[in-house]
Amino acid sequence: MTGEDYYIPAAAMAVSLAFKLPALRHNWRDPLLRSVVALLALAGAVFAFAAPPTIAAVNRWTGIANFSAPLVYCLITAFSASCLVLMVNWRGGSPERTRRVSRRWILGYSIVIVALVVLFALGEAPEERLRDFDTFYANTPYVGHMIALYLLAHHVAAVVMVVLCWRWSLKVRGWLRIGLMIIVAGYLFNLGYDATKMTAVVARWLGNDLDGLSTYVAPPLASLGALISAMGFVVPLVCQRLSDHWQTWATYRRLGALWQEVQISAPVGTPSVQMAWWSAAELRVIQRESDIHDGFLHLGPYFDKGLRDDAYDSALADGADEETARAVGDAAMVAAAVRARSADPDGQTIGEDEETLLDTSDGPRDLLRISDALRRSPVVQAVRRRVAV
């Protein structure tokens with residue numbers, strides 16, 4: 001792999017991190033958000049510092065041959081810990097248990113990082129190796145132990161992540177399950193990385209040469225594994241937000257028929273609230289629901305409860321379920337009230353004592369169902385024709 005093969009994923013992680021930093025600034029106490037930011041930052045750092053040009057530059061800047069080796073190993077170990085901590089916070093549970101488990105993983109991998117630094121300091125690695133450090137120094141005292149320790153720590157994290165994500169994916173549905181399966185796929189590549197690295201290192205211990213596995217096969221596996229795993233963490237969050245946004249706009253559109261129906265009931269001269277084009281979909285839905293309820297208030301004197309009951313019975317007779325029939329009855333009453341209000345431009349009925357508001361004694365009315373009934377129900381269309389005649 002060339003330097004570009006490392007720097008492009010590092011740049012992608014940096015862009016993702018840049019989008020997350022504003023949210024972290026406003027909600028820095030959120031442990032899940034902190035975990036996501038830490039994972040993106042460490043993943044980008046691993047790609048950036050594992051690139052051969054960066055390895056050579058760091059060694060040159062520090063004046064220590066192979067200084068990049070323990071640096072990259074520590075970053076990989078920290079990244080493994082960040083994945084485990086993110087999974088703990090993502091899965092949730094009691095705050096006390098979540099903090100306790102997270103701190104244990106952080107403490108355990110912090111000890112591993114300290115041990116990696118100590119082992120490198122105790123050993124000797126005078127000849128700079130940019131691509132085959134693992135196998136070249138596999139039999140070197142202390143340095144070989146450092147290599148084995150970082151591979152073991154990475155392997156433990158990969159196995160735990162696969163088991164946790166797989167078990168959790170069997171209990172959930174939707175985007176979360178898809179994200180978990182993507183993470184499992186990514187960590188299978190990481191397990192392949194561990195297998196090739198360990199095979200090459202053990203071969204060195206036994207006096208054989210399988211350095212090609214470590215030098216040419218393992219790095220692409222690690223790169224793919226990290227990218228796929230990061231996608232698995234991001235996909236559920238992004239797609240769920242997009243899905244929620246789409247659902248909100250769908251709600252706004254579905255309310256359109258009812259909203260347009262009751263607009264005629266507004267008194268002449270009533271100011272209309274104009275929403276800016278950049279207004280959030282949630283705010284538009286709230287405004288549309290508010291307009292509908294205001295329309296119901298103006299239509300109250302024209303509501304005919306008997307007509308609603310007849311439409312309700314007709315919908316049940318046509319095979320509609322209870323909720324749908326209830327919405328059909330309300331929609332028919334609203335449609336008839338709008339016609340009655342149009343026939344009373346002077347608002348003489350509004351001054352009468354008796355008012356019939358939309359009955360909510362058996363629960364709130366489903367505005368979406370009412371709006372759908374206005375568009376599709378043949379019972380409502382029949383009421384419209386009858387009232388028009």
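Is Arg 376 buried or exposed? In this predicted model, Arg 376 is exposed, with a relative accessible area of 59%. Its salt-bridge partner offers a pleasant contrast: Asp 372 is buried, at a relative accessible area of 13%. The closest N and O atoms of Asp 372 and Arg 376 are 3.7 Å apart. Both residues belong to helix 14 (residues 367-376), where they sit four residues apart, about one turn of the helix. The pair does not stand alone, since salt bridges with shared partners connect Arg 254, Asp 372, Arg 375 and Arg 376 in one network.

With that local picture in hand, the overall architecture can be introduced. The protein contains 15 helices and zero strands. It has 389 residues, of which 45% count as buried. Among contacts with a separation of 6 or more, 74% involve residues 24 or more positions apart. The exposed area is about 20500 Å², and carbon and sulfur atoms supply 62% of that area.

The structure holds 13 salt bridges, including one between the side chains of Arg 384 and Glu 261, with an N to O distance of 2.7 Å. Arg 384 is part of helix 15 (residues 378-388) and Glu 261 is part of helix 10 (residues 256-262), so this salt bridge ties together parts that are 123 residues apart in sequence. Both Arg 384 and Glu 261 are buried. Another salt bridge brings together the side chains of Arg 308 and Asp 330, at 3.6 Å from N to O. Here the connection runs from helix 12 (residues 305-317), which carries Arg 308, to helix 13 (residues 322-342), which carries Asp 330, so the parts tied together are 22 residues apart in sequence. Arg 308 and Asp 330 are buried as well.

Helix 13 itself deserves a further look. From its first C-alpha to its last, this helix of 21 residues reaches 30 Å, close to the 30 Å expected at 1.5 Å a residue. Since 15 of its 21 residues are buried, helix 13 is largely enclosed by the rest of the structure. At the start of the helix, a side-chain oxygen of Asp 321 comes to within 3.1 Å of the backbone nitrogen of Glu 323.

A similar check on length can be made for helix 8 (residues 174-205). Its 32 residues should span 46 Å at 1.5 Å a residue, and the end C-alpha atoms are 47 Å apart, which agrees. Gly 207 follows helix 8 and has a positive phi, near 85°.

Attention next turns to a loop residue. Asn 66 is found between helix 3 (52-62) and helix 4 (68-91), and it is buried, with a relative accessible area of 2%. Its side chain reaches the backbone nitrogen of Arg 129 at a distance of 2.9 Å. Residues up to four places away in sequence aside, Asn 66 touches Asn 59, Phe 120, Ala 125, Pro 126, Glu 127, Glu 128, Arg 129, Phe 133 and Tyr 137. Arg 129 thus appears both in this set of contacts and as the residue whose backbone nitrogen the Asn 66 side chain reaches.

Val 112 provides an example from within a helix, namely helix 5 (residues 95-122). This valine is buried, at a relative accessible area of 15%. Once neighbours within four places in sequence are set aside, its contacts are with Thr 77, Leu 149 and Ala 153. Val 112 and Met 146, which are 34 residues apart in sequence, have their C-alpha atoms 9.5 Å apart in space.

The cysteines complete the survey. A disulfide is a covalent bond between the sulfur atoms of two cysteines. The structure holds zero disulfides. For Cys 83, the closest cysteine sulfur is that of Cys 165, and the distance of 9.1 Å is too far for a bond. Cys 83 counts as buried, at 0% relative accessibility. Looking from the other side, Cys 165 is in no disulfide, and its nearest cysteine sulfur is that of Cys 83. Cys 165 is likewise buried, with a relative accessible area of 0%.

Definitions and conventions:
Residues are numbered from 1 along each chain as its sequence is written. This is a predicted model: local features need pLDDT of at least 70, side-chain atom pairs count only at pLDDT 80 or more; totals for chains, interfaces and linings use all residues. Side-chain values use heavy atoms; hydrogens and water are left out. Helices (H or I, at least four residues) and strands (E, at least two) are DSSP runs, numbered from the N terminus. Buried means under 20% relative accessible area, exposed over 50%, partly exposed in between (1.4 Å probe, protein chains only). A polar contact is a pair of N or O atoms within 3.5 Å; within protein, one must be able to donate a hydrogen and the other to accept it, and residues adjacent in sequence count only if both atoms are side-chain atoms. Contact means heavy atoms within 4.5 Å. Accessible areas come from the Shrake-Rupley method with a 1.4 Å probe; for residues, only the protein chains shown count as cover. A salt bridge is a side-chain nitrogen of Lys or Arg within 4 Å of a carboxyl oxygen of Asp or Glu. A disulfide is a pair of cysteine sulfur atoms within 2.5 Å. The expected span of a helix is 1.5 Å times one less than its number of residues.
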